Amino acid sequence: MRDYQKEFKGNCLTCLKYDIYTPKDATTRGYRCTYHCRPMAMDEKCPRYSKDITRSNERIDAAVKWLSKHGYDPRKDNATFCYITTMLCDILGYSDNHIYLESLRNLRNNYLINEDFGKKILLDYDVYGSLISKKLYEEYTQNKDKVVTMLNGIIIPNFLNPLVELITKKDYENATYLYIKMTFLLMKRYNIHYYPIAIKSENIDTNNLGHGYSLNKKITVF
């Protein structure tokens, strides 16, 4: 029996917030983190790590086998980050609790998820946010200086800094439109065309809207 508590010490797999007891919320990325509210890879780390000394290696082993059986594909590099802002913060070396990320989580959790209009935005973003972040990382691997200059010279001063100010003031409506504007700017940069998503409501995991994992079944783009 592998000693998971020792082998994965400090990683998601041994964290109390890693919900191995709810397989229905897991994806091929991993089990759902109750803090980040999204699936995480077993070997990821974050500042919110909480040591779990209650689960046995046998129980963890069973959870690992279940993930493997259902197509678990751990992140091998940063190309699989889901969020645009998460990718930006990773490229620039900012922490997971940076004000940019915390502010946008605030926008999602306190406004968008509670509005029909906002839910549609989050659903679209689960598709296009992932595409943009991957393109952003691909460009970064080819020309680091060019991407860092673009982020510091365009995205941060024109979008993220104003977004933080708007969200702090609880001006969620204008913050939403500014974030949409940023998203479409990046879509244009990477030649990503927008198509409405046609999907039945029963195919949407509303608990995961805006986390990149709300689309658990096949979707149709037309």
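**Notebook: helix α3, cores and internal spaces**

I listed the buried residues of α3 and found I84, T85, T86, M87, L88, C89, I91 and L92. The model I am reading is a predicted one. I note that α3 is mostly covered, with eight of its nine residues buried. I then looked up what covers these buried residues, and the cover includes α4, α5, α6 and α7. At the end of the helix I checked the backbone: G93 follows α3 and has a positive phi, near 80°.

**Entry on T85**

I took T85, which is found in helix α3, as a single case. Is T85 buried or exposed? Its relative accessibility is 3%, and because the cut-off for buried is under 20%, T85 counts as buried. I next listed the contacts of T85, leaving aside neighbours within four places in sequence: Y100, L101, L104, Y125, L160 and Y179.

**Entry on the nonpolar cores**

I looked up the largest nonpolar core and recorded 42 residues. Within this core, L88, L151, I155 and L160 have the most contacts. I asked which helices supply at least two residues each to this core. They are α3 (84-92), α4 (99-110), α5 (116-142), α6 (144-168) and α7 (172-189). The largest share, 11 residues, comes from α6.

I followed L151 further. Not counting residues up to four places away in sequence, L151 touches L88, I91, L92, L136, I156 and P157. Of these partners, I had already entered L88, I91 and L92 among the buried residues of α3.

I also recorded another core, which lies apart from the largest one and has 18 residues. Among its members are L13, Y18, M40 and A41.

**Entry on the largest pocket**

I read off a volume of about 460 Å³ for the largest pocket. Its lining has 23 residues, and those closest to the pocket centre are I121, L122, Y125, Y179 and T183. I note that Y125 and Y179 are also contacts of T85. The elements giving two or more residues to the lining are α3, α4, α5 and α7. By class, I recorded 14 nonpolar, five polar and four charged lining residues.

**Entry on the cavities**

How many cavities of 30 Å³ or more does a search of the whole structure find? I recorded two.

The largest cavity has a volume of about 40 Å³. I listed its lining as C12, C15, K17, Y18, C33, H36, M40 and C46. This lining divides into six nonpolar, one polar and one charged residues. Two of the names, Y18 and M40, I had already entered as members of the 18-residue core.

The second largest cavity holds about 30 Å³ of space. I found it lined by H36, R38, Y83, R105 and R108. Here the classes are one nonpolar, one polar and three charged residues. I note that H36 is named in the lining of the largest cavity and in that of the second largest.

**Entry on N57**

Lastly I looked up N57, which is found in helix α2 (residues 57-69). Its relative accessibility is 18%, so N57 counts as buried, since the limit is under 20%. I then asked which backbone atom the side chain of N57 reaches. I found the backbone nitrogen of Q5, at 3.2 Å.

How values were computed. Residues numbered from 1 in each chain as written. Predicted model: local features only at pLDDT ≥ 70, side-chain atom pairs only at ≥ 80, totals over all residues. Heavy atoms only, no water. Core = buried A, V, L, I, M, F, W, Y, C linked by side-chain atoms within 4.5 Å. Buried < 20%, exposed > 50% of the residue type's maximum accessible area, 1.4 Å probe, protein only. Helix = DSSP H or I, 4+ residues; strand = E, 2+ residues; numbered from the N terminus. Contact = heavy atoms within 4.5 Å. 1 Å grid on protein atoms, 1.4 Å probe; cavity = no way out; pocket = protein on both sides within 12 Å on 5 of 7 lines; lining within 4 Å. Points joined across faces, edges and corners; volume = space filled by probe spheres on them. Nonpolar A, V, L, I, M, F, W, Y, C, P; charged D, E, K, R; others polar. Polar contact = N/O pair within 3.5 Å; in protein donor to acceptor, adjacent residues only side chain to side chain.
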